[in-house]
Amino acid sequence: MNAHLQPTGSAYFITSETQEIERHTLSVLVDNEPGILARVVGLFSARGYNIESLTVSETEHGRRLSRITVVVTATPKVLVQIKLQLERLVPVHKVHDLTAEGASLERELALIKVAGSGDHRAETLRLADAFRAQIVDATVESFVFEVTGKPAKIDSFITLMQPLGLVEVVRTGLAAISRGPQSM
Amino acid sequence: MAEKMTGAEMVIQALTDQGVEHIFGYPGGAALPIYDAMFQQDFVQHILVRHEQGATHMAEGYARSTGKPGVVLVTSGPGATNAVTGLTDALMDSIPLVCITAQVPTTLIGSDAFQECDTVGITRSCTKYNYLVKRVEDLPRIMHEAFLIATTGRPGPVVIDIPKDVQFAVGEYYKPDSVTLRHQSYRPQVDGDAAAIEAAVDLMLKAERPIFYTGGGVINAGTEASEHLRELAELTGFPVTSTLMGLGAFPASHPQWMGMLGMHGTYEANLAMHDCDVMINIGARFDDRITGRVDAFSPNSRKIHVDIDPSSINKVVRVDVPIVGDCGRVLAEMVRVWRSKTNQPRTEAIAPWWAEIATWRAVNSLGYKNSDTVIKPQYAIERLYEATRKQGKDVFITTEVGQHQMWAAQHFHFDKPNRWMTSGGLGTMGYGLPAAVGVQVAHPDALVIDIAGEASVQMTMQELSTAVQYRLPIKIFILNNERMGMVRQWQDLLHGSRYAHSYSESLPDFVKLAEAYGGKGIRCENPAELDAAIAEMLDYDGPVLFDVIVEKDENCLPMIPSGKPHNEIILPDTANIGSIIDEKGRALV
Ligand SMILES: Cc1ncc(C[n+]2csc(CCOP(=O)(O)OP(=O)(O)O)c2C)c(N)n1
Ligand SMILES: [Mg+2]
C-alpha cells in the first residue's frame, strides 16, 4: 500500500503517449456460463484494447470454472485498467498478469500438415525430429505433425516447412502458468 | 420453504419479497403471463408508461430519489430495444435498476421469431450484468441475485430476460440466502484500507490549500454518507465542491460550499481545483467534463481518491492515495481518524486559502445581465427556486439536457441529497419528464419539477399522459428559447455561428398540448408576470406544462471550453465566445 503513497509528482506529468507499448499474458478465472466469452471479448472491443491471442477452456469441472489466457498489448497504465475492468465483470473470479508477476511458462500446440514426396519427405522428417514434432497422421504423400512449445519455436518450425510443402496450420493459442508452488 | 408456482408467479413473488411496491412497464405478447400474475395480486403496483424509454427513466428517478432500486418490466423485441437508452443512462450514472424483459419461448430463440431480439447480446455492454433465464429452476436465484448486484458495490442496471415458456413453467420458489447465490466471484469491497485512510488524513492535516471534490458516489452511499461528509468538512474547515451528479450531498447553503465544478462550474470551484495542494475526491470519477485538459489538471496537488469501483482509480488521473470502498464508510473512518489526531479544524493554516477563494467568489461568475423586457433563463430558475422555498414541501428537481440543465445546476440550490435527478454521464435528452413521474410516484406529496428545454421535452412528452392517468401533479418548467440552446452555443464557439439544424421549428402550442393531455398549460413571456405565473403553477393540483418564453441567444457561462485547463475559464462578461478555441480543441466533444 505504501508504494502508492510515494509522491508520484502529479497528473500533470503523466500522459499516455510517454509510455511504451508492452505485451502481457493475463490469466482470467471465470464462471463457465453462457455468454462469458462474449462478455470478456466485448469488454476488449468496447474499450479499444488489443487482443493478440485468446485461449479458453473449462479447467475445474466440479466448480464449473474456466480459465481464459489472453495476450494483450498496451501501455502499462492501460494494462492496469484492463485487469481492473476484467475484475469488475460479475462472473470473473481472479485476474493475474503473469508477465508482471514474475516467471511463467508459456506453451502452445500446433497441428501442421505437410504434403510432398521424394527428398522433401526425408528433409521434412529430419526437421520434425529436431523440433520434437510428433507424427500424428501419415499417408504416402503427407504428414500431420503435432508440435508444442513456445510460440516462437512453432513459428520457426512453420517457416521451415514452408518450402517443404506446408499445406495447413492450426494453433491452439497460448496456455500459460506461473512457475513455482503457488496457484493463481 | 419451497413453494410450487409458475415462473410468472415467481417474478411477482420475488418482487414482493424484495419489497418492490412500484414497477414501470408496458405489456406485450411475450410478457403476458407476468402481467397475468400481477393482475391477481395487489402488493406490486404497476405504472403503465407510454414508451419503454419512459419506464427506464421513471425507474431511475424513483431509484435516485429513494435510494431503492427502480424496477422495469417490458416485452420482448421492441420493448427491450426501447429500454436500451435508459439502461445505458443508468449504467453511466450508477443507478440501481432491475429490468425484466420478456423473451420469445426458448424453442424459438435463434429462429428470428416474431418480436425476437438478442436482448442479452444488445444489453451486455449497457448493463452491470444480465441474464437469459433458460430454466424455471434458476429463476428464483436469478431474481434475487439481480437485486443484489444492482444495489451493491457500484450500483447499476441489471437485465433479466425471461422466455415465455419459462414464465409458464412450474417450479419451486425459494428465497436464496446470500451464500447460495451462484456468483461467488461478486464481492464488492466496501471497507477502505485502514493504512490508506490514515495516510489520507495525514495529508489532509498538512494541507494548506485543500478542497473536497465530491460526486454521485456520496449520494449512492446513502444519506448517512452525506452526513459524514458534512461532519468531515466542518471538522477540517475545508471548502467543498461537487460534480453535477453529487449536488445536494453537501448543503448549498453552507458557508464552505463552493458551488458546482467542471465545464459550467463556478470560477471559485474550478480555480480552487486548479490551485489546490490536496484534493480529496470522494465518489467522483475525474470525468472529462470535470478535468478539462488532463495534463493541465490541478498540476500541483496531492490527490486522494475514494471510490467503490477499483477501475475508476488511476483511470484518468493518477492519484497519490487511492482508497477503494464505500464513500459513507470511508468518510466515517476519516472522521474518526481525524478526531483521533486533533480536535481542531485547520482554520488558521488555511486562512490565506479562504482569502484567495474570497477574491474568486467576488468575481460572481454566475452573474448575468437581467432584463425588464425578456425573461432571462437564469432569472426564471432563481424565481422558481425562491417560490419553491416558500411552499413548505419537499422539493425534487429533475432536468432534461442542455443549457437549462446547467442553469438549473447553477441557480437552483440543494441542501439535501436525493433531491436532484439529472442525466449526467450519458446526457440523455428526454430524461427529465419521465424521471419526474418516477420521483412523484415515490413521493406523492412532494413538489416535483422537471426543469426542461423545449427540444428535450419533446423526446418523451407522451409521458405527460402517464402523469395524468396516475394523478401525478408533476410540474414541467420549460425554458423555451426556441433553440437547441447548448448546440447553438457550441456552434457559436466552434463553428462560426453557422446554426446547422439547431433551431426548434414548428413548436407545438405547449398550452394546448397540455390541455389535450388533460393537464394544465401556462405560458409566460413577461418578466413582470413571472412570479404570478409560477405561483399559479405551484397552486394547481395536477400536472402542469409551463412554457416560459426566455431570451433566445443567452450563453451558458462560465464555461471551460474542451481542451482548456481550469484557469482558462470563460466568464459571463465575455462578448464574443467564437474566438476562444483553437483547432485542437475543436475536435474534442
Ligand atoms: C438524445 C439526445 N440527442 C442529442 C443530444 C445532443 N444535445 C445536447 S443538448 C441539445 C439541445 C437541447 O435543447 P433544449 O432541450 O431546448 O435545451 P437548451 O439547451 O435549449 O436549454 C442537444 C441536441 C442529446 N444530449 N441527447
Ligand atoms: Mg431550448
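Biologist: Which residues does His183(B) touch, not counting those up to four places away in sequence?

Modeller: It's a predicted model: local features need pLDDT of at least 70, side-chain atom pairs count only at pLDDT 80 or more, and totals for chains, interfaces and linings use all residues. Residues are numbered from 1 along each chain as its sequence is written, chains are lettered from A and ligands numbered from 1 in the order written, and side-chain values use heavy atoms, leaving out hydrogens and water. With contact meaning heavy atoms within 4.5 Å, His183(B) touches Asp31(A), Glu33(A), Val90(A), Pro91(A), Tyr129(B), Tyr131(B) and Glu145(B).

Biologist: Is His183(B) buried or exposed?

Modeller: Its relative accessible area is 6%. The cut-offs are under 20% for buried and over 50% for exposed, with partly exposed in between (1.4 Å probe, protein chains only). So His183(B) counts as buried.

Biologist: What distances separate the magnesium ion (ligand 2) from its protein donors?

Modeller: Donors here are N, O and S atoms within 2.8 Å of the metal (3.2 Å for Na, K and Ca). Glu454(B) appears twice through OE, Asn481(B) gives OD1 and Arg483(B) gives O. Along the chain they follow E-x26-N-x1-R. They lie at 2.1 to 2.7 Å.

Biologist: Which backbone has a polar atom 2.7 Å from an oxygen atom of ligand 1?

Modeller: The magnesium donors turn up here too: a polar side-chain atom of Glu454(B) lies 3.2 Å from a ligand 1 oxygen, and an N or O atom in the Asn481(B) side chain is 3.0 Å from one. The 2.7 Å distance goes to the backbone of Gly485(B).

Note on methods: Polar contact = N/O pair within 3.5 Å; in protein donor to acceptor, adjacent residues only side chain to side chain.
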